[in-house]
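User: I'd like to go through this protein and keep asking how you know each thing. Can you show it to me first?

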Amino acid sequence: MAEPEVDAAGGLPALRYVLDKARGTGHPLEVLARVRSGNTCKTCALGMGGDLGGMVNEVGHFPEVCKKSVQAQAGDMAPPIPEEFFARTDISDLERLTSREAERLGRLAFPIAIGPGDRTFRRISWSVALQAAGDALKSTTPDRSFFYLSGRSSNEAAFLTQLVARAFGTNNVHNCSYYCHNASSVALAQVYGSGTSSVDLTDLSRTDLAVVIGANPASNHPRLITQLIRLRERGGRVIVINPLSELGLRRFRLPSDARSLVAGSTVSDLYVQPRVGGDVHLLTAVLKRLIELDGLDHDFIQRHTRNWDAALDHVRRTPWEDLLTGCGLTRSDIDRCADLIAGAESGILMWAMGLTHHAHGTDNILALANLALARGWLGRPGAGLLPIRGHSNVQGVGSMGVSPLLKKEFTTRLEHLYGIDPRKPPGQDTYASMTAAHAGDIDACVLLGGNLWGSNPDSGWATQALRQIPFSLSITTKLNPGHFRGRGQAAIIVPALTRDEEAEPTTQESMFNYVRFSCGGTPMVAGEMRSEVDIIAGLAERILPPDRFEWSALRSHEALRRAISQVVPGYQDIHRPGLRRSQRREFSVAGRVQHSPEFPTRDGRAQFHAVSLPDVTADPDQLILMTVRSEGQFNTVVYDDEDLYRGNTARDVVMISAADAQRWGVVEGDRVLVSSSCGSMSASVAITGISVGSAAMYYPEANVLVPQVLDPQSHTPAFKSVPVRLTRA
Ligand code: SF4
């Protein structure tokens with residue numbers, strides 16, 4: 001059985017890791033100074049840093065730092081990749097690099113290009129790079145292009161990119177959330193009229209109960225664990241729902257707390273392990289039990305919600321047997337869960353891609369929201385719904401309009417200020433652009449950050465789609481496999497500054513709807529890196545008529561913030577000219593956090609949904625596979641092959657339960673071929689504490705197994721609902 005060498009997550013091994021990473025850069029004090037600088041943490045969307053300085057959270061608590069943050073910082077401080085490396089490295093060798101190997105190449109410090117038939121990348125000048133990108137875009141019709149952004153970009157760069165794309169003539173603008181949390185945005189908009197969290201960070205310190213479902217914050221949002229431990233120390237309760245038994249969701253040693261560091265802290269009161277894909281069944285079962293217990297807030301339901309009768313009828317008519325079979329749990333599991341929920345005055349229900357990455361991802365969140373509404377846990381302090389967002393500004397990028405379809409108010413203001421045609425139909429989302437590329441209907445793309453190739457299901461299909469685009473422009477700080485395997489026929493890659501290297505401040509929005517200011521800084525390495533805004537403005541000058549915009553305004557971050565304040569709903573406070581330097585510039589996006597039960601829906605009420613049970617039956621000889629991230633990884637970037645908290649030292653493993661191992665006649669370490677409807681992959685068996693009938697493998701490598709199955713409502717791919725078979729290799 002795969003056993004971690006540590007008995008709790010965090011603690012001294014995490015501290016040692018941080019010190020080793022910092023020392024590995026050769027400039028440990030510089031790492032500390034950078035992490036402490038007044039810039040938003042570059043990693044997750046929990047939102048450390050900003051105006052109050054690094055390692056400070058949104059309510060001013062210090063110190064708040066984690067391995068992830070130092071991992072990213074140390075990576076950005078790597079020396080530049082020398083020009084000779086590109087001259088001597090054949091493209092076939094670059095295409096074979098793993099994410100970890102590509103990450104360790106170093107910083108990209110000058111523009112590079114490769115043409116059809118070329119064997120190597122070559123260094124080019126900025127003017128050649130931007131002119132070639134401009135020529136490629138101008139030589140096609142705008143709707144045969146697309147613009148894709150990761151959640152790393154600043155609000156300023158994101159706003160500018162979508163503006164330039166729309167002025168150029170396409171609404172094919174989208175971001176990485178279309179492959180992760182779009183199901184959350186779609187569901188929450190249906191529930192309470194806004195697609196983001198209903199709570200802020202202060203609510204976590206007021207709530208009685210947290211339900212963490214389909215998420216592993218111990219590895220992906222480590223400081224959220226601090227909040228859970230503090231909640232328990234105040235007498236509150238934590239329920240974890242996850243098919244995998246995750247060490248860090250059971251026990252964690254907080255490095256910032258001497259007692260916890262030595263003795264360790266319990267994270268969860270109840271740990272429930274449904275089968276992969278059984279969440280609607282489980283959540284409906286818990287609601288059914290709450291109805292039996294009369295654990296409902298009738299006054300809230302009656303005054304502030306609609307559609308309760310339909311939801312109630314649906315739940316009452318659904319047999320217990322169907323619910324329990326679907327989630328693979330017992331009545332006592334459900335009862336214990338419902339008892340804790342019924343016994344709490346307030347609760348926050350939080351989730352990540354364990355809920356969204358399913359063919360019924362939107363329904364998962366609607367079923368979860370039903371629980372919050374039934375308990376009256378919406379529209380008051382200390383209660384609500386919290387999608388745990390990944391990259392540090394993924395939410396802000398969406399707020400800035402990097403989306404194929406905008407709210408009417410946003411479109412009207414764009415028309416008024418910039419003459420953008422509001423009648424143009426919605427553009428492609430990420431999957432639609434990939435499909436169009438595969439069909440040969442895309443001629444050029446602009447990829448600002450991220451790894452679009454690695455984020456896709458069906459890696460073979462994704463390679464074919466991106467490799468046949470005649471031209472791709474990638475803007476990045478470091479290289480990843482997407483730049484090689486997912487490049488266009490002619491590809492240009494240009495180097496960007498990180499947010500703590502920018503000459504001008506930038507802003508980012510956390511998952512709590514809080515906008516942080518990053519003060520910028522100086523480049524960490526010598527090179528020709530430019531700010532993202534500068535790069536997009538340079539491209540705009542080449543693809544838009546000279547009189548289209550006031551160009552100086554497009555290059556100034558302050559001017560962009562003024563424009564954002566005029567266009568983006570809720571962002572008025574991003575530009576306050578009278579503010580003195582000493583005053584805090586950060587703010588909560590207006591109209592998002594819901595501390596009173598007046599919801600931004602047409603009648604001010606939140607909506608229940610009668611959520612149908614998805615078909616989760618698998619053939620007896622199949623397991624349902626979910627792809628997961630490891631401790632040594634953030635999104636598609638793999639920093640270390642070892643997954644410390646799951647006891648895996650390699651990434652080509654398939655995690656299955658002891659019962660399933662017995663069923664297949666395999667033991668720990670056996671090589672097997674894992675096959676799905678779209679591909680197969682060789683892996684070693686790792687016997688793990690995962691629910692029977694379920695399997696887990698690492699993303700993005702296991703994307704070769706993930707078919708193009710999408711949630712029909714949000715178009716989020718089902719990275720965690722893949723039927724697979726095992727055969728001995
Ligand atoms: S929890 Fe997230 S925001 Fe906080 S320091 Fe870690 S990576 Fe950064």
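**Cores, strands and the ligand**

Analyst: Here it is, and keep in mind that it's a predicted model. Let's start inside: the largest nonpolar core has 179 residues, and Leu160, Val286, Met350 and Leu368 touch the most other members. Helix H21 (residues 361–374) gives the largest share of this core, 9 residues.

User: What makes this a nonpolar core?

Analyst: The term needs buried residues of kinds such as Leu, Val and Met, joined through C-beta atoms within 7 Å. Leu160, Val286, Met350 and Leu368 belong to such a set, so they count as core residues under that rule. As a general point, nonpolar side chains tend to be buried together in soluble globular proteins.

User: Which residues does Met350 touch?

Analyst: Leaving out residues up to four places away in sequence, Met350 touches Ala210, Val211, Val212, Ala215, Leu386 and Ile388. There's also a second, separate core of 32 residues, which includes Ile656, Val672, Ala695 and Met697.

User: On to the strands. Why is strand S4 called mostly covered?

Analyst: A residue is buried if 20 or more other C-beta atoms lie within 10 Å of its own C-beta. In S4 (residues 145–149), 5 of its 5 residues are buried, so each of them reaches that cut-off.

User: Which way do the residues of S4 point?

Analyst: Ser145, Phe147 and Leu149 point one way, Phe146 and Tyr148 the other way, and all are buried. That fits a general pattern: in a regular strand the side chains alternate between the two faces of the sheet. Strand S13 (residues 384–387) is another case, with Gly384 and Leu386 pointing one way, Leu385 and Pro387 the other way, and all buried.

User: How do you know that S4 pairs with other strands?

Analyst: Pairing takes at least two bridges. S4 and strand S14 (residues 444–448) have 5 bridges in the parallel sense, with Phe146 opposite Cys445. S4 and strand S5 (residues 173–175) have 3 bridges, also parallel, and there Tyr148 has His174 as its bridge partner. Both counts meet the cut-off, so both are pairs.

User: What makes S17 an edge strand?

Analyst: Strand S17 (506–509) pairs on one side only, and so does strand S19 (587–588). They sit in an open sheet of 3 strands with the order S17-S18-S19 and antiparallel pairing. S17 is joined to strand S18 (residues 514–518) by 4 bridges, and Glu509 has Val515 as its bridge partner in S18.

User: Now the ligand. Why is it said to lie between two domains?

Analyst: Domain 1 (9–76) and domain 3 (182–389) both give residues to the shell around the ligand, so it lies between them. Helix H3 (67–76) and helix H12 (222–233) each supply at least two shell residues. Of the 14 residues in the shell, Cys41, Thr43, Cys44, Cys66 and Arg223 come nearest. The shell divides into 7 nonpolar, 4 polar and 3 charged residues.

User: And how do you know that domain 1 touches domain 4?

Analyst: Contact needs C-beta atoms within 7 Å, and 7 residues of domain 1 are in contact with 4 residues of domain 4. H3 gives the most to that side of domain 1, with 4 residues. The residues on this side divide into 3 nonpolar, 3 polar and 1 charged. As for the centres of the two domains, 30 Å separate them, taken over C-alpha atoms.

Notes
Residues are numbered from 1 along each chain as its sequence is written. This is a predicted model: local features need pLDDT of at least 70, side-chain atom pairs count only at pLDDT 80 or more; totals for chains, interfaces and linings use all residues. A residue is near a molecule or strand if its C-beta atom, placed from the backbone, lies within 6 Å of it. Ala, Val, Leu, Ile, Met, Phe, Trp, Tyr, Cys and Pro count as nonpolar, Asp, Glu, Lys and Arg as charged, and the others, Gly among them, as polar. Domain bounds come from an automatic or database domain assignment. A residue is buried if 20 or more other C-beta atoms lie within 10 Å of its own, exposed if 12 or fewer, and partly exposed in between; C-beta atoms are placed from the backbone. Two residues are in contact if their C-beta atoms, placed from the backbone, lie within 7 Å.
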